[in-house]
There are 2 protein chains.
Amino acid sequence: MIEPYSKKKHIYQAGAKLFHEKGYAATSMRELATQVQLEVSSLYSHINSKEQILQAVCFDVVKQFADGIETIFGDTHSAKQKLKDIIELHLKIITENQTNFNVFNKEYIHMSEPKLSEFLKLKKEYEKKFISILKEGIKLGHFKNLDPVFIMKTLFNSMTWVHEYYKPNKGVDLDMINKSMYKLLISGIKKKN
Amino acid sequence: MIEPYSKKKHIYQAGAKLFHEKGYAATSMRELATQVQLEVSSLYSHINSKEQILQAVCFDVVKQFADGIETIFGDTHSAKQKLKDIIELHLKIITENQTNFNVFNKEYIHMSEPKLSEFLKLKKEYEKKFISILKEGIKLGHFKNLDPVFIMKTLFNSMTWVHEYYKPNKGVDLDMINKSMYKLLISGIKKKN
DNA sequence: GTCTATACGATGATAGAC
DNA sequence: GTCTATCATCGTATAGAC
């Protein structure tokens, strides 16, 4: 293996899993220690604090969003194509980081300052680019004339649950989810006649 | 006042607010006591446990959903009209119970058995009625032929954030949100040409 | 109903031996 | 790096005086 087995990584992953299942505040270091078969105190040879694990997860995910939107934002496609790419980006991140995305989405609030503000800043920058793409599409008359913030929030939240649905070994793959979600979000529930 | 001031109700409301702001597990009884200007021990003259507050909130909201969908399910409207009513029901519950809805949506997991199972049963029953309405609309060719579970989950989550947007004193009222959301969900982001 | 006092287990984190 | 032992604090909840 290029990447050698790392106990540190193991602790981070087990931590994220517990945060996902029970919530950050309800997860104890003792439980995490049990999961990775160490005594509690031994954890601290690998990490500095419980919150450090949360920070790593949240920043990892928010950076994936930031990088993704920067690429989309920077290229020369139409607003319509960019929106399609954004939906694809979301679904890719959510399905590829099921555990981490959930922690990012629900538990970030438990970070303390100054990390919390740093995190929120990255999130805000992402949203600004998202909104400006929506604005462009509205201006060009391709998207409905609704508040872009309203559209963005609706879109973002509409996709937050898909990790529950994603079962790649049972025939529910990313491509199928992409197509269904795109149809639903772009042209709505109503069937054309 | 018809409804006399009740310290018990005050405690429940303050509790829900804290659960909403900090999460159930991260909220302490000491903090709640401070909020309602009592000593911790005095709280227990009004409530039996912290979890009791969570239970009250979660069951209150899930019953609003259950009652609402039963009415919609039982009447003679078309599937299209029923779906419109469901969207309206969601938005009404979310905006009228901003704090409680959030706790219901994010913190229910912290209930212990057997209350948790009881709660999940009510939620499931609600979802079944929702799905059967979607199935009917699909069968009649009014809705797109997508997995009704996929549609339901997307719809539900797309609306979970609107309490952040609802500012009735600043011109953002329920009627406006209803119209925007209906447009967006039924016919999508794409503008007709 | 509210208080003071307290029970007592769980919490995140550290010290120091090996 | 891992352990045992321990710390200080906080958690929910109770007992009993007033």
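Which residues in helix 5 of chain A meet which residues in helix 7 of chain A? Keep that in mind while you set up the view.

This is a predicted model, where local features need pLDDT of at least 70, side-chain atom pairs count only at pLDDT 80 or more, and totals for chains, interfaces and linings use all residues. Residues are numbered from 1 along each chain as its sequence is written, chains are lettered from A and ligands numbered from 1 in the order in which they are written, and side-chain values use heavy atoms, with hydrogens and water left out.

**Stop 1: helix 5 and helix 7 of chain A**

Select helix 7 (residues 115-139) of chain A, then add helix 5 of chain A. Helices here are DSSP runs (H or I, at least four residues), numbered from the N terminus. From helix 5 come Ala79(A), Lys82(A), Leu83(A), Ile86(A) and His90(A). They meet Tyr126(A), Phe130(A), Ile133(A), Leu134(A), Glu136(A) and Gly137(A) of helix 7. Contact means heavy atoms within 4.5 Å. The contact has seven nonpolar, two polar and two charged residues. Asp, Glu, Lys and Arg count as charged; Ala, Val, Leu, Ile, Met, Phe, Trp, Tyr, Cys and Pro as nonpolar; the others, Gly among them, as polar. The axes lie 9 Å apart, at an angle of about 145 degrees. Axes are lines fitted to C-alpha atoms, for helices over the stretch in contact, and angles run from 0 to 180 degrees between N-to-C directions.

**Stop 2: helix 8 of chain A**

Keep helix 5 (residues 79-96) and add helix 8 (residues 148-159). Their axes come within 10 Å and cross at roughly 35 degrees. Select Leu83(A), Ile87(A), His90(A), Leu91(A) and Ile94(A) in helix 5. Opposite them, in helix 8, are Leu155(A), Phe156(A) and Met159(A). This contact has seven nonpolar, one polar and no charged residues.

**Stop 3: Ile72(B)**

Move to helix 4 (residues 50-74) of chain B and pick Ile72(B). Is Ile72(B) buried or exposed? Ile72(B) is buried (under 20% relative accessible area, 1.4 Å probe, protein chains only), at 8%. Leaving out residues up to four places away in sequence, Ile72(B) touches Lys82(B), Asp85(B), Ile86(B), Leu89(B) and Ile133(B).

**Stop 4: DNA strand D**

Show DNA strand D and the 15 residues around it, each with a heavy atom within 4 Å. Ser41(A), Ser45(A), His46(A), Met29(B) and Arg30(B) come nearest. Zoom in on Ser41(A): a side-chain N or O atom is 2.6 Å from a base oxygen of the strand. Next, Ser42(A) has a side-chain N or O atom 2.9 Å from a phosphate oxygen. Finish at Arg30(B), where a side-chain N or O atom is 2.5 Å from a base nitrogen.

Key. Polar contact = N/O pair within 3.5 Å; in protein donor to acceptor, adjacent residues only side chain to side chain. Helix = DSSP H or I, 4+ residues; strand = E, 2+ residues; numbered from the N terminus. Buried < 20%, exposed > 50% of the residue type's maximum accessible area, 1.4 Å probe, protein only.
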